[in-house]
Amino acid sequence: MILVVGATGLLGTRVCERLRAEGQSVRALVRRTSNPDKVNALKLLGCELAIGDLKDPPQIEAACEGVSALISTASSTLSRQPGDSIESVDLQGQLGLANAARSAGVRRFVFLSFRDDPTVQYPLTQAKRSVERAIADLDFTTIQASYFMEVWLSPALGFDYIHKRARIYGSGSKPISWVSHRDVAEFCIAAVLRSIASRTVLEVGGPEALTPFEVVRIFEEESGRRFEVETIPEAKLSEQLNSANDSLEKSFAGVMLQYTHGDAIDMRRVLESIPVCLTSVREYARTVLKPLNHRRLSPSLPSTNRLDILERPSQN
Ligand SMILES: NC(=O)c1ccc[n+]([C@@H]2O[C@H](COP(=O)([O-])OP(=O)(O)OC[C@H]3O[C@@H](n4cnc5c(N)ncnc54)[C@H](OP(=O)(O)O)[C@@H]3O)[C@@H](O)[C@H]2O)c1
């Protein structure tokens, strides 16, 4: 039995789909407050559901019973309920999960982390590093993933390809290895099913490092439209990081500041042991722009649901 913590999230849902496709028994941790459609989708996949909140240790201990491996993708940054915070979920909640896994004798622990930039410190990245240290005595794999294209190149974060407007943090000249969450899921699967990367920190990015301006150019080429670009100066993000009182606000400013520094990852060595066919930004752009381009050329078609485009980009 494999436990997925964060199963209703973007990455967690994909991990559950892939594990079920591999014929694995999956226990999905969901909350009473989780979106019922997402919970239902997990049920339809054939996942066993365990009700649990990372802030509730007895529920988490119960969820870990009889589990051979777990993957934790949970985070309070985007999906929050009252009482959820970086401290209570990303730090204490994940540390509690590591303790529960240890007590229950869970053999593999795959943890979704974020890239480390020692020059930018903020509560989320500090929480991720603390959990990485706490699982060091387990048979762990830490996946330090770069920026998800489905999140950072989406209208939700100001990359509004629907209205041809792009928000860029910093100068836009530092390359980033944008990665698809679907590809990150493949690394989780390899780590948990094939024990590849046991006791390892895996740095995971996409197939090429592109600057934000190069990404805009790709979207312009694929849509045949010019984008209006707004840049958020690095100094403004530093100021936000220093002046924010709340750990979430600080973390948002911190992660955006980290983006301004770029994040290029050479994937060649990792791909030798875990051969994943990585999605390029151009493939992603084609996928999300396709219904829009199609609608532009066929104005009589009904309008596309924005969330549909965001939530289900396919690799094909
Ligand atoms: N976005 C990026 O660019 C990026 C890059 C690198 C790494 N990451 C990491 O990748 C992971 C997955 O990201 P994602 O986009 O899939 O996140 P997401 O869609 O926001 O999903 C977060 C998940 O965490 C669950 N959760 C939140 N608080 C919880 C709590 N108190 N108890 C139990 N579950 C809780 C949510 O459950 P509910 O549905 O019940 O709220 C949801 O299932 C995160 O750890 C993130 O830090 C993200």
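Hi everyone, let me start with a pair of helices in this predicted model. Helix α9, residues 234-243, and helix α10, residues 247-260, have axes that come within 8 Å and cross at roughly 150°. Angles over 145 degrees count as roughly antiparallel, and α9 and α10 are therefore roughly antiparallel to each other. As for handedness, the crossing of α9 past α10 is left-handed.

Which residues make the contact? On the α9 side we have Glu 234, Leu 237, Ser 238, Gln 240, Leu 241 and Asn 242. Facing them from α10 are Lys 250, Ala 253, Gly 254, Met 256, Leu 257 and Thr 260. If you sort the residues of this contact between α9 and α10 by character, you get five nonpolar, five polar and two charged.

Now, on to the sheet. Here we have seven strands in an open sheet, and the pairing is parallel. Reading across, the order goes β3-β2-β1-β4-β5-β6-β9. So, which strands sit at the edges? Those are β3, at 48-51, and β9, at 200-204, and each of them pairs on one side only. Going from one strand to the next, the twist averages 20°.

Let me zoom in on one pair inside that order. Strand β4, residues 69-72, runs alongside strand β5, residues 108-114, and the two pair in the parallel sense over four bridges. If you'd like a residue to click on while we talk, try Ile 71: its bridge partner in β5 is Val 110.

That's my tour, folks. Thanks for listening!

Note on methods:
Residues are numbered from 1 along each chain as its sequence is written. This is a predicted model: local features need pLDDT of at least 70, side-chain atom pairs count only at pLDDT 80 or more; totals for chains, interfaces and linings use all residues. Side-chain values use heavy atoms; hydrogens and water are left out. Axes are lines fitted to C-alpha atoms, for helices over the stretch in contact, and angles run from 0 to 180 degrees between N-to-C directions. Angles under 35 degrees count as roughly parallel, over 145 as roughly antiparallel, 65 to 115 as roughly perpendicular and the rest as oblique. A crossing is left-handed if the near helix is turned anticlockwise from the far one by less than a right angle, and right-handed if clockwise. Contact means heavy atoms within 4.5 Å. Ala, Val, Leu, Ile, Met, Phe, Trp, Tyr, Cys and Pro count as nonpolar, Asp, Glu, Lys and Arg as charged, and the others, Gly among them, as polar. Two strands pair if DSSP finds at least two bridges between them.
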